[in-house]
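Biologist: I have a chain open here and would love to talk through its fold with you. Shall we go piece by piece?

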Amino acid sequence: ILKTPFDWTDLDKPYWWGNISDFWEEEKELKVPESFKELLAGGETNQVEFKASLHYNFKTKTAGIGVKGIIAKSICAFLNSNGGFLFIGVDNKGRPQGLMNDFKLAGDKDPHDYFRLEFDETLSHFIPIYIKDHISGDFYEFNGVEIFIVTVFPSKSKPIFLRGQHGKEFYVRWTASTKQYVDIEDIVNYCLDHWNKEG
């Protein structure tokens, strides 16, 4: 059960898992869906994304900031869309592979603490600090391996820009992929439509 500091009971917009208020108890805790297996079996969608590692680069066999950037882009897209789940340690076909490649980079450090610190560093490097409370993650054992599942709640009132290598970047989640909007007119129109209070 993942805690959240926000009261979402006034948010009546339906999400893929149903109305958000249906999952709240008096303690204001969000019930994690009972079966992550169903999400994995369903493949990548508008609100489900798979990534093989947090920052292990399979080509160079070392840590890579570029891999972290890909993770951050997915999170940013979820923030600007309808929220979602990011599975780390899962291949693109939805098969849990585990986090051993990331854990190997920990050296003498505790691998779980190392991973959490690297995840926090990813967020602080790419994502505005004020939006952190919309993002949470934890380890889960699945089919005998550990994976890390990130839950992202959508930004309720404003667009979120990723701090990219060459400046601010804007991402949106499409049917099963993350898309960058570059054209100013596209960004403005999307924001007006998505966060229109009267819509």
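## A walk through the fold

Biologist: Isoleucine 184 caught my eye, so let me start there: is isoleucine 184 buried or exposed?

Modeller: Happy to start there, and please keep in mind that this is a predicted model. Isoleucine 184 has a relative accessible area of 60%. The cut-off for exposed is over 50%, so isoleucine 184 is exposed.

Biologist: Which residues make the nonpolar surface patch of about 300 Å²?

Modeller: Start from helix α5, residues 184-194, where isoleucine 184 has its place. That residue contributes to a nonpolar surface patch of about 300 Å². The residues that make the patch are Ile184, Val188 and Leu192.

Biologist: Let's zoom out for a moment. How many helices and strands does the protein chain have?

Modeller: The chain has 199 residues, and buried ones make up 44% of them. Among contacts between residues at least 6 apart in sequence, 66% join residues at least 24 apart. The secondary structure comes to five helices and 13 strands.

Biologist: What is the strand order in the open sheet of four strands?

Modeller: The pairing in this sheet is mixed. Its edge strands, each pairing on one side only, are β5 (48-51) and β9 (135-142). On average, neighbouring strands are turned by 20 degrees against each other, direction ignored. The order is β5-β8-β10-β9.

Biologist: In that sheet, which residue of β10 stands opposite phenylalanine 87?

Modeller: Strand β8 (residues 84-88) pairs with strand β10 (residues 145-152) in the antiparallel sense, over five bridges. Leucine 86 stands opposite valine 150 in β10. For phenylalanine 87, the residue opposite is isoleucine 149.

Biologist: And on the other side of β10, how many bridges join β9 to β10?

Modeller: These two strands form a hairpin with two residues between them, and asparagine 143 in the turn has a positive phi of about 55 degrees. Tyrosine 140 has isoleucine 147 of β10 as its bridge partner. β9 and β10 run antiparallel, and the number of bridges joining them is eight.

Biologist: Why is β10 described as largely enclosed by the rest of the structure?

Modeller: A residue counts as buried at under 20% relative accessible area. β10 is largely enclosed because, of its eight residues, the number buried is six.

Biologist: Which helix lies across β5, β8, β9 and β10?

Modeller: Two helices are worth a look here. Helix α4 (residues 111-126) lies across β8, β9 and β10, running at about 150 degrees to β9. The helix that lies across β5, β8, β9 and β10 spans residues 65-79 and runs at about 165 degrees to β8. That helix is α2.

Biologist: Now the sheet of three strands: what is its order?

Modeller: Its edge strands are β11 (161-164) and β13 (178-181), and the twist averages 45 degrees from one strand to the next. Four bridges join β11 to strand β12 (residues 167-173), and phenylalanine 161 stands opposite phenylalanine 170 in β12. Helix α2 lies across this sheet's strands too, at about 65 degrees to β12. The pairing is antiparallel, with the order β11-β12-β13.

Biologist: Let's turn to charged residues. Which residues are linked in a network of salt bridges?

Modeller: Glutamate 49 takes part in a salt bridge with lysine 51, the closest N and O atoms being 3.0 Å apart. Arginine 173 also forms a salt bridge with glutamate 49, at 2.7 Å. This second pair links distant parts of the chain, strand β12 and strand β5, 124 residues apart. The network is made of Glu49, Lys51 and Arg173.

Biologist: Which residue forms a salt bridge with glutamate 118?

Modeller: Glutamate 118 and its partner are both buried, and their closest N and O atoms are 2.4 Å apart. Glutamate 118 lies in helix α4 and its partner in helix α2, so the pair ties together parts that are 50 residues apart in sequence. The partner is lysine 68.

Biologist: One last stop: is histidine 55 buried or exposed?

Modeller: Histidine 55 has its place in the loop between β5 and β6 (56-57). Among the residues it touches are Lys68 and Glu118, along with others including Asp102 and Tyr114. With a relative accessible area of 4%, histidine 55 is buried.

Technical notes. Residues numbered from 1 in each chain as written. Predicted model: local features only at pLDDT ≥ 70, side-chain atom pairs only at ≥ 80, totals over all residues. Heavy atoms only, no water. Patch = residues over 30% accessible without salt bridge, like charges linked within 9 Å, V, L, I, M, F, W, Y side chains within 5 Å. Areas by Shrake-Rupley, 256 points an atom, 1.4 Å probe, with all protein chains shown as cover. Salt bridge = Lys/Arg side-chain N within 4 Å of Asp/Glu carboxyl O. Buried < 20%, exposed > 50% of the residue type's maximum accessible area, 1.4 Å probe, protein only. Pairing = 2+ DSSP bridges. Axes fitted to C-alpha atoms, helices over the stretch in contact; angles between N-to-C directions. Contact = heavy atoms within 4.5 Å. Lists of a residue's contacts leave out its neighbours within four places in sequence.
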